[in-house]
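Could you walk me through this model in my viewer, one selection at a time? I am new to it and would like to know what to click next and what is there.

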Number of protein chains: 2
Amino acid sequence: MGEFELICRFFAAAPCAQAAEGVALGIGDDCALLQLPAGEQLAVSTDTLVAGVHFPASPDPFLLGQRALAVAASDLAAMGAMPLGFTLAITLPQADEAWLQAFARGLSQMAQGCRLALVGGDTTRGPLSLTVTVFGRLPVGQALTRSGARPGDLLCVGGALGDAAGALPLVLDQRQELGEQAGYLLQRYWAPQPQLALGLLLRGKATAALDISDGLLADCGHIAAASGLALHIELARVPLSPALQVIAGTAARDCALAGGDDYVLAFTLPPEHLAAVQAAWPATVVIGRAVAGTGVALLDDSGAVIQPPRAGYQHFGSSGD
Amino acid sequence: MGEFELICRFFAAAPCAQAAEGVALGIGDDCALLQLPAGEQLAVSTDTLVAGVHFPASPDPFLLGQRALAVAASDLAAMGAMPLGFTLAITLPQADEAWLQAFARGLSQMAQGCRLALVGGDTTRGPLSLTVTVFGRLPVGQALTRSGARPGDLLCVGGALGDAAGALPLVLDQRQELGEQAGYLLQRYWAPQPQLALGLLLRGKATAALDISDGLLADCGHIAAASGLALHIELARVPLSPALQVIAGTAARDCALAGGDDYVLAFTLPPEHLAAVQAAWPATVVIGRAVAGTGVALLDDSGAVIQPPRAGYQHFGSSGD
C-alpha cells in the first residue's frame, strides 16, 4: 500500500472520494473527474509549502495538515468560489505511519470545515514538501478578481490582521510563552480559517478582492496595480486582535501591515453594500478607500502620509498567486 | 519579479495564458478560471517529480521541463481527455535565470505539442522538485477508466515498451554510449510523447485504459484488479524498439515488462474495434487478452505460464495515480 493510499485510509472519516457533490470520479484512476453545474466555471489554485521555508523543519503533522489545506482554500475564498475538491502532492523523507495518521487527521478536519473533497494526488520520497491544488466553482462572470476596484469604493478587510506574523517567534520557538493569548496566535498561524463564506457573500457586491498572504500593504498594492488606482489606508482603523497587542506590543501594527500569512480577505466595496456585508459578516472593518492615482498610501489620523514599515518582516517567505 | 513571473515571461511564445480555449482567466489572480462546454466533465491529475528520486540531481533544465509536463499529460491521454491547461508548482534552490530560461523552453515546447496552456502555479525556494497538475475535458460518461475490461477483450499497447528503462544507465551516466540508438532511448526517457490522440481515438471503443508508468506487468495488474478479471500477456508479442534491443541486449524484455516511465497507453478493446484503432494509430499492438480469473499471467509461445521478472528493476521509482 502506497503512502497516498495510507493517507486516504486515514482520511476515510472525511468526504474523501466519490460521495462529494461535483466529484464524478475520485481517487484511484489516472484522473479524477469533476462535474460543474451548467453556467458555472472552475476556479483553480496551487500552493506549495516547503519544510524549513514555509514552516519549521519538524512540524507537528496535525497542524501542518490543517495549514497546508487552509492556505490553498483561502484562494477560493478570495475568488468568491464554492469549494469543490483538492489534490494533494506530498513529498516525504520516509513513510511514518503515526506521522501520516496525524497529518491526515489535520487535513481531514480542515477539509470538512471547508467542504473540500480529496480527489487525487501523488506521494513521493524526498525532502518534506506539500503542494495542494484546490478546485471551486462559481457562476460565469461572478469571480472576484483584483482588477475591478473603482475610485470611491471602500477598502475593507474581513477581520484582524497580523496574528500570524505575531505568532512567528512562538512558532519558531524563539520565545516560549504559554497562556491564552499565545495559544490564540498559534492557532491563527497553524489553522487559519479560510473566509469562504465571506467570499460567497461578496459576489455581486465587492469590486475587487484577494486574500492577504504577503502582508496588507503588499497585497493592497496588487489590487491598486490591477485596478489602476490608489488605495489609502488609515492606520488607526487597521484591526488588531487583543492577543496580538499583548504578545507583540508596539510591533503589533508592523505585523498587521507587513506580516503575511493572515489569509484574511481584503476587498473594495461600493459604500451602498457596506451595511449588508457587515450584517452578514460582522468582523468586516473599513480601513480606507480607493481614489484616483497609483500605489498604496498609509495615512495618520490627520490624513497625512506615514512612511510604511520596511517590507521583509521576519517570516518564512510565503509566496502565492 | 518572482521566479514564476520569470518562467511565464520565458513562456511567452507558448499558449501561456488567457488566449487558450477554455481558459477564462489565466495567471495573475488568486485563482485561474476554466470553462467547460455543456455536457463535459473536467479531468484532473497531479504528478510530482523530485530531484534525485525521479530524475538526476542536476538535470538538463530543458529536458526536465519537457519531461515534467509529459508525465502529467500522459494521465489525460489515459483518460481519453482533451487537453485544457496545467498549473506548475516549482521548488528551486535558487533562481538562476539561464536555468529557468532553458526549463521554460522545454516546458513550453511540450505544452505546445500537447496543446496545454499554463494557467497558474507557485514558485518556492527549497530542494528542486516539480508538481504539475493537468486539466482536460471530456463528455460525461466517455472517460476511459480502469474498470470496464470484459473477458474476450484484446489487450493492446500503443507502442514499443521498455525504452525509458533501457535509457536509465545512460541517463545516470553509468554508461557512456553515443550514436543513434542511445540518442533515441534518451529522447524516449526525457521527452516521452503523451499519446493524447490515441486516448481520444479510444473513446467509445476501449473498455479500460491507463498509461504505463509503473511497468507493463504492474499496470496491467491495476486493470485486472479494477475490472475483476485476468489479463494474459503473450511475451513474444510485447513490442520492443530496435534501439532497445541493441542497447539493452538480453535485458530488453525485462525493461519492457517491469521498467516504468514509458507513458505508452495499455488498453482493452473488444475485437470488433481493432481494425479501426490500428488504422488510425498504426503503432497499436495486440499483446494478449482479458479472460475470467484474477491477476496477470505471462505466456510463452506454447501458451505456458512464464515466471515474470522480479519487480524493482533499477529505476528512479516513479509513483503516480
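A salt bridge here is a side-chain nitrogen of Lys or Arg within 4 Å of a carboxyl oxygen of Asp or Glu. Keep that in mind for the stops below. This is a predicted model, in which local features need pLDDT of at least 70 and side-chain atom pairs count only at pLDDT 80 or more, while totals for chains, interfaces and linings use all residues. Residues are numbered from 1 along each chain as its sequence is written, chains are lettered from A and ligands numbered from 1 in the order in which they are written, and side-chain values use heavy atoms, with hydrogens and water left out.

**Stop 1: the two chains**

Start by colouring chain A and chain B separately. How many salt bridges does the rule find across the interface of chain B and chain A? There are four. To see a salt bridge between the chains, select B:R146 and A:D29, whose closest N and O atoms are 3.6 Å apart.

Now show the whole contact (heavy atoms within 4.5 Å): 54 residues come from chain B and 54 residues from chain A. The two chains bury about 4,100 Å² between them, 53% of it on carbon and sulfur atoms. Buried area is the accessible area (1.4 Å probe) that two parts lose on being put together, summed over both.

**Stop 2: inside chain A**

Hide chain B and colour residues 3-139 of chain A as domain 1 and 153-306 as domain 2; these bounds come from an automatic or database domain assignment. Taken over C-alpha atoms, the domain centres are 26 Å apart. Domain 1 of chain A brings 25 residues to the contact and domain 2 of chain A brings 18 residues.

About 1,700 Å² is buried between these domains, with carbon and sulfur atoms giving 66%. On the domain 1 side, select A:R67, A:A77 and A:A78, which lose the most area to domain 2 of chain A, together 30% of what that side buries. Then add A:D261: its side chain meets that of A:R67 in a salt bridge (3.7 Å, N to O). The rule finds one salt bridge across this domain interface.

**Stop 3: annotated positions**

Finally, select A:D30, A:S45 and A:D75, which the UniProt annotation "binding site" covers in an unreviewed entry. UniProt positions are given in the numbering used here, feature names are shortened, and annotations may be inferred rather than shown by experiment. Do they gather at one spot or spread out? They span 46 residues in sequence and the farthest two C-alpha atoms are 26.0 Å apart, so they do not all gather at one spot.
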